[in-house]
Amino acid sequence: MPEDEYSCVSRGKLKLKTDSEIKKKKKKKKIEKEKEKVLAAAAAAEVNANGTSGSASGSSERILTKAELSFKKMQEKTQNKRILEKASLTHKERVEKFNQHLDSLTEHFDIPKVSWTK
């Protein structure tokens, strides 16, 4: 009976992990990463220049759903609207508008006068 229970157990000493067995990956420096990005961009530019990118870029891009397309269109519209609003006012006009807003605020947060004698 005891032989059947322990037949699958390995007999021998346990192996413990040590630092020497674990190989650590070397961290890449920022300069190396930037060089890789530049090389990748150059390779992509070459592929686009050759005209063979039609099949490669088509497979990497995913097709957007109707909801995603409408969401992107609305985002672009709101962004364009904000840009036009900001561009319509000059700096002087914005400062005047801000000053009017400050004048319209209540003076709740102002420090009241404190005097010991009246």
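**Exercise 1.** Does Glu68 count as buried, partly exposed or exposed?

*Solution.* Start with the ground rules: this is a predicted model, where local features need pLDDT of at least 70, side-chain atom pairs count only at pLDDT 80 or more, and totals for chains, interfaces and linings use all residues. Residues are numbered from 1 along each chain as its sequence is written, and side-chain values use heavy atoms, with hydrogens and water left out. Next, the cut-offs: buried is under 20% relative accessible area, exposed is over 50%, and partly exposed lies in between (1.4 Å probe, protein chains only). Glu68 comes out at 26%, so partly exposed it is.

**Exercise 2.** Find the partner of Glu68 in a salt bridge.

*Solution.* Opposite charges on side chains can pair when the charged atoms come close. The test here is a side-chain nitrogen of Lys or Arg within 4 Å of a carboxyl oxygen of Asp or Glu. Arg62 passes, with its closest N and O atoms 2.8 Å from each other across the pair with Glu68. Arg62 itself is exposed, at 59% relative accessibility. Searching the whole structure turns up 1 salt bridge.

**Exercise 3.** Sketch the fold and say where to trust it.

*Solution.* Count first: 5 helices and 0 strands, taken as DSSP runs (H or I, at least four residues; E, at least two) numbered from the N terminus. That reads α-α-α-α-α along the sequence. Now bring in pLDDT, the predictor's confidence in each residue from 0 to 100. Its mean is 76 for the protein, with 69% of residues at 70 or more. Helix 4 (residues 66-88) has the highest confidence, at 93, and helix 3 (residues 53-60) the lowest, at a mean of 52. Over residues 53-57, pLDDT stays under 50.

**Exercise 4.** Work out how much of the protein is buried.

*Solution.* Of the 118 residues, just 1% are buried.

How values were computed: Contact = heavy atoms within 4.5 Å.
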